[in-house]
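Student: Please take one part of this model and go through it closely. Place it in the whole chain before turning to single residues.

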Amino acid sequence: MTISPTELSAFSRLIDDLSGIVIDDSKSYLVEHRLNTVLREHNLPSYAELYHRVRYDNDTTLTHAVIDAITTNETLFFRDTTPYDALRNKVLPHLFDRFEGTPRLRIWSAACSTGQEPYSIAMTLRNLVPDIDEWDVSILGTDISDAAIGQASRGVYSEFEMQR
C-alpha cells in the first residue's frame, strides 16, 4: 500500500507529537515500509484507519506499535568514543574530588535503544574504578520504544551485536 503525501504529512505530525521524531518528505519510503508492517500485523485496511485509531481512539497498543516501527534503534557497545573519553577523563575525575563518604553516582542514558550504551557505561566504570562495588551507583537507560527497552532489560546480545 502506498502512502499519499497527505497521509505522510499527517503521520509526520503525529509521530512528532508522539515521539519528537521529525520526519520529512524524503522519508516517505521509510514511513510507508514501516507502517505497512503495522497495518499487516494489526489487520488494518488503511493508513487512515491506523491514523484515526492512534490519534483519536488513543489505542495504546497501536501507538506503541507505530513508535516501535518508526524508531531506528541504532546502538552499539562503546558507540562514539567521545562520551566515554569524557566520562573517563573529565566527568569522573571531577566527581572524585567532590565525593565525601560513600560515592553516589546516578547516570541517565536517554535514547539508549536496546541498552548497549548503559552497559558500556557500566563497563567503563568497572574498568576505571577499582572499588566500584563499594559505590552507590545507578544507571538508568530509557528509550521511547518499549520493544527496545524489553531487549535492553534482558541484557542478552548476539555474537554479531557483541562484535560490532
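Tutor: Helices (H or I, at least four residues) and strands (E, at least two) are DSSP runs here, numbered from the N terminus. The model is predicted, so to speak of local features requires pLDDT of at least 70, and side-chain atom pairs count only at pLDDT 80 or more, while totals for chains, interfaces and linings use all residues. Residues are numbered from 1 along each chain as its sequence is written, and side-chain values use heavy atoms, with hydrogens and water left out.

The protein has 8 helices and 2 strands, arranged along the sequence as α-α-α-α-α-β-α-β-α-α. Its radius of gyration (over C-alpha atoms) is 20 Å, well over the 15 Å that the globule rule (2.2 Å times the number of residues to the power 0.38) gives for 164 residues, so the protein is more spread out than a compact globule. The C-alpha trace spans about 60 × 30 × 25 Å along its principal axes. Of the 164 residues, 34% are buried, where buried means under 20% relative accessible area, exposed over 50% and partly exposed in between (1.4 Å probe, protein chains only). Among contacts (heavy atoms within 4.5 Å) with a separation of 6 or more, 71% join residues 24 or more positions apart.

A nonpolar core is a set of buried Ala, Val, Leu, Ile, Met, Phe, Trp, Tyr and Cys residues joined through side-chain atoms within 4.5 Å. The largest such core has 21 residues, of which Phe11, Val31, Leu35, Leu50, Val66 and Ile70 touch the most other members. At least two residues of this core come from each of α1 (5–19), α2 (28–41), α3 (47–55) and α4 (60–70). Leaving out residues up to four places away in sequence, Leu35 touches Phe11, Tyr47, Leu50, Val66 and Ile70. Apart from this core lies another, of 10 residues, including Tyr84, Leu87, Ile121 and Ile132.

The part I would single out is strand β1 with the loop after it. The strand covers residues 104–109, and Ser109 belongs to it. Ser109 is buried, with a relative accessible area of 8%. Beyond its neighbours within four places in sequence, Ser109 is in contact with Glu117, Pro118, Ile121, Leu140, Gly141 and Thr142. Ile121 in that list is also a member of the 10-residue core.

Trp108 is in β1 too, but this residue is exposed, at 61% relative accessible area. With residues up to four places away set aside, Trp108 touches Leu140 and Thr142, both of which also appear among the contacts of Ser109. The C-alpha atoms of Trp108 and Gly141 are 6.0 Å apart, although 33 residues separate the two along the chain.

Next comes the loop between β1 and α6 (116–128), which holds Ala111 and Ser113. Most residues other than glycine have a negative phi. Ala111 has a positive phi of about 55° without being a glycine, and Ser113 likewise has a positive phi of about 55°. Their surroundings are unlike: Ala111 is exposed, with a relative accessible area of 61%, whereas Ser113 is buried, at 2%.
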